[in-house]
Amino acid sequence: MSAAQAVAVETVELTKRFGEFTAVDRVTFEVETGEVFGFLGPNGSGKTTTIRMLCGIIPPSSGSAQVLGLDVVRDSERIKHEIGYMSQKFALYNDLTVRENLSFYARVYGVSRAERGARIDAMLDRFDLTATHHTLVNDLPSGLRQRVAFAAAAIHQPSILFLDEPTAAVDPAARRGFWDMIYDTAASGTTVFVTTHYMDEAEYCHRLAFMSRGKLIAYDSPAAIRQSLGADMVEVDATPAAAALDALVGQPWVRAATLMGVRLHVMLQPGVPHERVREHLTSAGVTVASVEPATPALEDAFVTLMTGATAG
């Protein structure tokens with residue numbers, strides 16, 4: 001495999017400005033062929049704008065990007081035919097059946113008439129939609145609608161799929177099933193570029209990029225991002241928990257603090273003794289049952305990185 005084939009997406013200093021507002025600010029990363037790449041960040045962080053540039057929908061203001069070896073400016077029309085794209089509000093037609101929707105998108109994506117029927121049947125089987133192929137999309141539950149949208153985006157067998165918040169309105173069980181389909185798709189050699197707000201979904205990705213205010217603030221595997229935080233996290237059992245959180249947020253020796261269920265996860269500055277947490281909370285009138293070392297979760301990493309980016 002050549003270097004060009006090994007990289008599905010490459011951006012260098014990719015930037016998008018809207019007037020005086022910079023939505024994407026000099027972002028550089030690579031996505032390897034066949035991997036599931038997670039793109040994370042809060043609303044307004046530049047995720048969707050980046051995807052729109054990579055899909056050839058809008059041009060960058062500066063910098064460069066290639067998708068499947070094609071330049072996003074010079075080859076934008078070719079890119080649109082080589083990729084699949086699915087957003088949270090993928091444009092399915094509610095008054096058409098599942099099969100009719102797939103047939104429509106097969107024609108849009110240029111699947112030949114000779115191949116169309118077999119391709120649709122294969123997608124119905126692959127996404128477990130055969131039993132509902134004559135059902136109007138409007139009558140399907142949200143989880144099944146998402147499967148239809150995924151099948152429609154993949155009907156032309158693209159080399160890369162862009163999935164923009166694909167599970168935002170889906171229940172947890174359906175989300176897990178959806179990710180099984182993502183992994184099956186990646187296993188077949190398709191690169192999957194997915195944005196999500198869910199940290200449990202981010203754990204399924206081979207690598208992640210975290211965006212904040214248009215900038216790339218982390219870029220690595222989930223394990224490496226967690227490990228980059230070091231061993232300065234503690235889990236705190238304190239009552240009342242909300243008062244404990246208020247007492248810790250903003251302290252110069254606390255990098256980040258967040259409530260996880262009924263306990264707090266607190267990321268300390270390097271070298272700060274764990275007992276300082278107990279002493280500070282006790283002096284603030286909070287009852288502390290325990291302060292124990294904890295292994296950072298990906299959500300801890302996300303909160304800590306976002307807190308640092310905001311402070312910067």
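Here are three short exercises with worked solutions on the structure above.

This is a predicted model, in which local features need pLDDT of at least 70, side-chain atom pairs count only at pLDDT 80 or more, and totals for chains, interfaces and linings use all residues. Residues are numbered from 1 along each chain as its sequence is written, and side-chain values use heavy atoms, with hydrogens and water left out.

**Exercise 1.** Find how many disulfides (cysteine sulfur pairs within 2.5 Å) the whole structure holds.

*Solution.* Start with C55: the closest cysteine sulfur, in C205, lies 17 Å away, so the two are too far apart for a bond. A search of the whole structure accordingly returns 0 disulfides. Next, check burial (under 20% relative accessible area is buried, over 50% exposed, in between partly exposed; 1.4 Å probe, protein chains only). C55 is buried at 2% relative accessibility, and C205 is buried at 4%.

**Exercise 2.** Work out which residues have the most contacts inside the largest nonpolar core.

*Solution.* Such a core is a set of buried Ala, Val, Leu, Ile, Met, Phe, Trp, Tyr and Cys residues joined through side-chain atoms within 4.5 Å. The largest has 52 residues, and F150, L163 and F210 have the most contacts inside it. Helix α6 (residues 142-154) gives the largest share of this core, 8 residues. Another core, apart from it, has 26 residues, including V31 and C55.

**Exercise 3.** Place T49 and list its contacts (heavy atoms within 4.5 Å), leaving aside neighbours within four places in sequence.

*Solution.* T49 sits in helix α2 (residues 47-54). With 15% relative accessibility, T49 is buried. Its contacts are K16, F18, A23, V24 and I58. Helices here are DSSP runs (H or I, at least four residues), numbered from the N terminus.

Key
Helix = DSSP H or I, 4+ residues; strand = E, 2+ residues; numbered from the N terminus.
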